[in-house]
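Open the model in your viewer and keep the selection box at hand. Each stop below tells you what to pick next and what is there.

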Protein chains: 2
Amino acid sequence: MEALTRRQQQILAWIQEQIAKQGLPPTRAELQEAFRFRSPNAAESHLRTLARKGYLQLQEGRARGIRLMSELAAEMGLPVVGRVPAGQPILAESQQEGRLPIDAQLFPGADYLLRVQGMSMRDAGILDGDLLAVQRGSEAHNGQVVVARVDGEVTVKRWRKEGHQVFLLPENPDFSPIVVDLRKQDLRLEGLVVGLLRLGGL
Amino acid sequence: MEALTRRQQQILAWIQEQIAKQGLPPTRAELQEAFRFRSPNAAESHLRTLARKGYLQLQEGRARGIRLMSELAAEMGLPVVGRVPAGQPILAESQQEGRLPIDAQLFPGADYLLRVQGMSMRDAGILDGDLLAVQRGSEAHNGQVVVARVDGEVTVKRWRKEGHQVFLLPENPDFSPIVVDLRKQDLRLEGLVVGLLRLGGL
DNA sequence: CCGTTTACTGTATAAAAATACAGTTAACGG
DNA sequence: CCGTTAACTGTATTTTTATACAGTAAACGG
């Protein structure tokens with residue numbers, strides 16, 4: 001996204017503040033008043049610039065027809081990803097079950113929701129069918145619950161790295177740890193689990 | 001707050017929907033269009049009525065100057081309830097930790113979020129610190145996970161009723177079932193667990 | 001150096017939006 | 001049964017609001 005000048009940042013920030021405080025986007029005249037412009041066109045052209053740079057959308061002919069893009073993005077919620085076939089990228093359109101209207105602030109940083117299959121993380125309170133909020137990333141600390149891909153298969157496990165070996169630890173004594181030798185096997189860290197959602201009762 | 005007629009409820013609901021979907025309160029003309037009124041005054045007088053009854057505020061002379069009352073605004077999302085002292089009602093203001101911006105559609109029917117204390121439901125995937133979405137109600141089927149109050153204490157357990165006895169079953173062998181004889185002891189069913197939310201990684 | 005962008009002033013005007021006034025019909029409540 | 005409220009129709013008239021057009025001055029970028 002194209003960068004903003006200091007003035008443009010001030011104006012965008014003020015618009016965001018107005019929406020938060022007043023519950024309404026401002027008019028050109030209100031923007032003019034707030035910044036002591038002597039011409040409504042100063043407001044108009046700032047809005048056009050912000051729209052051109054992709055920070056907001058203007059709805060023509062509508063009073064207060066200003067829509068922040070951040071607002072639009074937040075409204076889209078998070079995609080829900082189901083079974084991921086070996087080799088397929090996680091966010092492939094074909095794997096998406098849909099979207100859930102989740103506020104971006106709820107799981108900060110989350111990129112998608114992954115439906116859990118199996119009971120290998122049972123003792124960490126992660127059950128079959130649960131939705132995990134996943135933040136994409138390729139680095140993890142030992143002990144974090146991660147989404148990883150070993151030989152094309154996507155799995156959720158606790159991460160432990162020691163030298164050239166990675167241990168993907170289940171949290172269920174019925175399952176065995178997966179040991180990956182990075183010199184011999186392919187391992188890809190897809191992301192970190194940053195939250196969990198279970199819909200419906202038990 | 002004064003009650004609304006069915007028509008007024010429809011109109012208020014539509015206004016709320018518009019604000020959520022469009023990011024803007026509607027104009028009189030948009031309300032007229034949506035409900036196929038042949039006069040803008042139909043919209044105007046409905047708005048006045050809703051304002052008079054305290055459901056919204058009209059800012060005169062401002063385009064789209066409709067503001068849902070703070071109570072309604074505050075009621076967006078769900079309240080988060082923490083430790084509930086014996087005897088206190090669950091939704092007592094003093095016990096609320098805050099609110100989380102959760103879309104009503106996410107956990108249909110949920111009235112509040114209850115923070116779990118302890119590990120008695122561990123094997124049902126409910127861990128200490130988790131948030132349970134609770135639907136208030138005083139009836140449960142055997143096998144459902146419920147929020148109940150025994151002798152003033154709030155607890156989360158699996159429900160089983162047999163005649164005049166209720167078994168509140170933990171899901172952790174380290175804990176013992178609570179057996180309540182309805183003829184001798186006080187038991188109140190506070191609600192059903194309809195979802196679970198775990199914020200942050202593990 | 002010269003074209004482009006930023007950041008405005010100043011003046012107009014058409015369209016959108018709020019809002020007043022005058023009615024009608026049906027239901028509701030005492 | 002009669003006053004009141006709800007739920008509208010129909011017409012007008014301001015105010016707000018968006019937005020076009022014509023400029024200016026300074027900064028920026030190659």
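**Stop 1: the contact between the chains**

Select the contact between chain A and chain B. Chain A contributes 32 residues to this contact and chain B contributes 31 residues. Now pick strand E11 (residues 187-199) of chain A. With eight residues, strand E11 gives the most to the side of chain A that touches chain B. Colour that side by class: 19 residues are nonpolar, eight are polar and five are charged. This is a predicted model, so keep the confidence colouring within reach.

**Stop 2: the axis**

Superpose the chains. A turn of 179° with a shift of 0.5 Å along the axis lays chain A on chain B, with an RMSD of 2.7 Å. This is how a two-fold axis relates two copies. To find the axis from chain A, select A:Gly125. Its C-alpha is the one in chain A nearest the axis, at 1.9 Å. Then go back to the contact. Of the interface residues of chain A, 97% are also interface residues in chain B, so the copies meet through the same surface.

**Stop 3: the cores**

Select A:Val134, B:Leu132 and B:Val134. In the largest nonpolar core, which has 61 residues, these have the most contacts. Zoom in on A:Val134. Which residues does A:Val134 touch, not counting residues up to four places away in sequence? They are A:Ala110, A:Asp111, A:Tyr112, A:Leu114, A:Val147, A:Gly191, A:Leu192, A:Val193 and A:Val194. Another core lies apart from this one and has nine residues. To find that second core, select A:Ile15, A:Leu31, A:Tyr55 and A:Leu56, which are among its members.

**Stop 4: DNA strand C**

Show DNA strand C. It is surrounded by 26 residues. The closest are A:Arg7, A:Ser39, A:Asn41, B:Thr27 and B:Glu60. Next, highlight the elements that give two or more residues to this surface. From chain A they are helix H1 (6-22) and helix H3 (40-52). From chain B they are helix H2 (28-34) and helix H3 (40-52). H3(A) provides the largest share, five residues. By class, the surface near DNA strand C has eight nonpolar, 11 polar and seven charged residues.

**Stop 5: DNA strand D**

Switch to DNA strand D. Around it are 26 residues. Which of them come nearest? Select A:Thr27, A:Glu60, B:Arg7, B:Ser39 and B:Asn41. Here the elements giving two or more residues are helix H2 (28-34) and H3 of chain A, together with helix H1 (6-22) and H3 of chain B. The most comes from H3(B), with five residues. The surface near DNA strand D divides into eight nonpolar, 11 polar and seven charged residues.

**Stop 6: the two Arg64 residues**

Select B:Arg64. It sits in the loop between strand E1 (56-58) and strand E2 (66-68) of chain B. Is B:Arg64 buried or exposed? It counts as buried, because it has 23 C-beta neighbours inside 10 Å. Leave aside its neighbours within four places in sequence. B:Arg64 is then in contact with A:Leu24, A:Ala63 and A:Arg64 from chain A. From chain B, its contacts are B:Leu24, B:Pro25, B:Pro26 and B:Thr27. Draw a distance from B:Arg64 to B:Arg28: 8.1 Å, C-alpha to C-alpha, with their positions 36 residues apart in sequence.

Now click A:Arg64. It lies in the loop between strand E1 (56-58) and strand E2 (66-68) of chain A. With 23 C-beta neighbours inside 10 Å, A:Arg64 counts as buried. Check its backbone: phi is positive, about 60°, although A:Arg64 is not a glycine. Most residues other than glycine have a negative phi.

**Stop 7: two exposed positions**

Select B:Asp151, in the loop between strand E7 (145-150) and strand E8 (153-162) of chain B. Its phi is also a positive value, near 50°. B:Asp151 is exposed, with 12 other C-beta atoms within 10 Å.

Move to A:Gly98 in strand E4 (residues 96-100) of chain A. A:Gly98 counts as exposed, because it has 10 C-beta neighbours inside 10 Å. The C-alpha atoms of A:Gly98 and A:Leu113 are 10.0 Å apart.

**Last stop: confidence**

Colour chain A by pLDDT. The mean is 88, and 92% of its residues reach 70 or more. Where in chain A is confidence lowest? Select helix H4 (residues 69-75), at a mean of 70. Confidence is highest in strand E9 (residues 165-169), at 95. Where pLDDT is low, do not read the predicted coordinates in detail.

Key. Residues are numbered from 1 along each chain as its sequence is written. Chains are lettered from A and ligands numbered from 1 in the order in which they are written. This is a predicted model: local features need pLDDT of at least 70, side-chain atom pairs count only at pLDDT 80 or more; totals for chains, interfaces and linings use all residues. A residue is near a molecule or strand if its C-beta atom, placed from the backbone, lies within 6 Å of it. Helices (H or I, at least four residues) and strands (E, at least two) are DSSP runs, numbered from the N terminus. Ala, Val, Leu, Ile, Met, Phe, Trp, Tyr, Cys and Pro count as nonpolar, Asp, Glu, Lys and Arg as charged, and the others, Gly among them, as polar. Copies are superposed by least squares on the C-alpha atoms of residues with pLDDT of at least 70 in both. Two residues are in contact if their C-beta atoms, placed from the backbone, lie within 7 Å. A nonpolar core is a set of buried Ala, Val, Leu, Ile, Met, Phe, Trp, Tyr and Cys residues joined through C-beta atoms within 7 Å. A residue is buried if 20 or more other C-beta atoms lie within 10 Å of its own, exposed if 12 or fewer, and partly exposed in between; C-beta atoms are placed from the backbone. pLDDT is the predictor's confidence in each residue, from 0 to 100.
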